[in-house]
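This report describes the pockets of the structure shown below and then turns to a pair of helices.

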Amino acid sequence: PGATRWYKANGKSASQTVTLSVATAARLDWLPLENLIFEQAQASNDTHIHLAAGAQAIGWDSYQLGSVVTQGHWHAGRLNIQSSLHYDGKLVWTEAGQVDAQHPIRHRGPGLAGFPIMATVWSVGPTIGTDHMEQLTSSLPWTDSLRAGASQMSLDPSTSLVVVRLLGTHAEAIRQLMIECWSLLRPLHLGVVARPLRLWCT
């Protein structure tokens, strides 16, 4: 499988909805390649995650806005993103946003800070101890070309959700950082050793 490509469609909108359902005691890795948002694309991407109590899952999504070799990266288009995660029948995490190529929030600190690539890694499993969370957060970069931050929230007395947000200039650097986060979180949340996929080497 390759990256998801969103092209100009003569002013028309394109949409994709992904629904993931994981049963009790089951595990899921959801690791798609990046979404490439081309000039003048009008794209909507929704992801809905439903985990039964006791389910464990880890996943990510990333978006490249325009071409990283073009000045300004992305000059026309719009991207709508909606994500939700239900655990044991309850909505525990949701976010929705719209990114317009011309909106100044793309270049402001509280927004995308001028970066053309944004990504999120999420993971659900047994609550992670302070030492391991500090190991994760201290490993995340904050530079002119790559930035990331992580947080953990409790879903029940023994289960947590970890969310890592990333911004970057180069897709390969973002992907490598997502893999590093997955490698750390997978054993802790899914109880399975993280072995890189052969697909990532092609």
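A pocket is here an open set of points on a 1 Å grid over the protein atoms alone, where a 1.4 Å probe fits, with protein on both sides within 12 Å along at least five of seven lines, and its lining residues have an atom within 4 Å of a point. Grid points are joined across faces, edges and corners, and a volume is the space filled by probe spheres set on the points. The model is predicted, so that local features need pLDDT of at least 70 and side-chain atom pairs count only at pLDDT 80 or more, while totals for chains, interfaces and linings use all residues. Residues are numbered from 1 along each chain as its sequence is written, and side-chain values use heavy atoms, without hydrogens and water.

| Pocket | Volume | Lining residues by class |
|---|---|---|
| Largest | about 730 Å³ | 17 nonpolar, eight polar, four charged |
| Second largest | about 260 Å³ | nine nonpolar, six polar, two charged |

In these classes Ala, Val, Leu, Ile, Met, Phe, Trp, Tyr, Cys and Pro count as nonpolar, Asp, Glu, Lys and Arg as charged, and the others, Gly among them, as polar. Of the 29 residues lining the largest pocket, E95, L112, M118, T120 and R165 are the closest to its centre, and strand 8 gives the most to this lining, with six residues; strands (E, at least two residues) and helices (H or I, at least four) are DSSP runs numbered from the N terminus. The second largest pocket is lined by 17 residues, with T4, W30, L31, P32 and L33 closest to its centre.

H132, Q135 and L136 in helix 1 meet C181, L184, L185 and L188 in helix 2, contact meaning heavy atoms within 4.5 Å.
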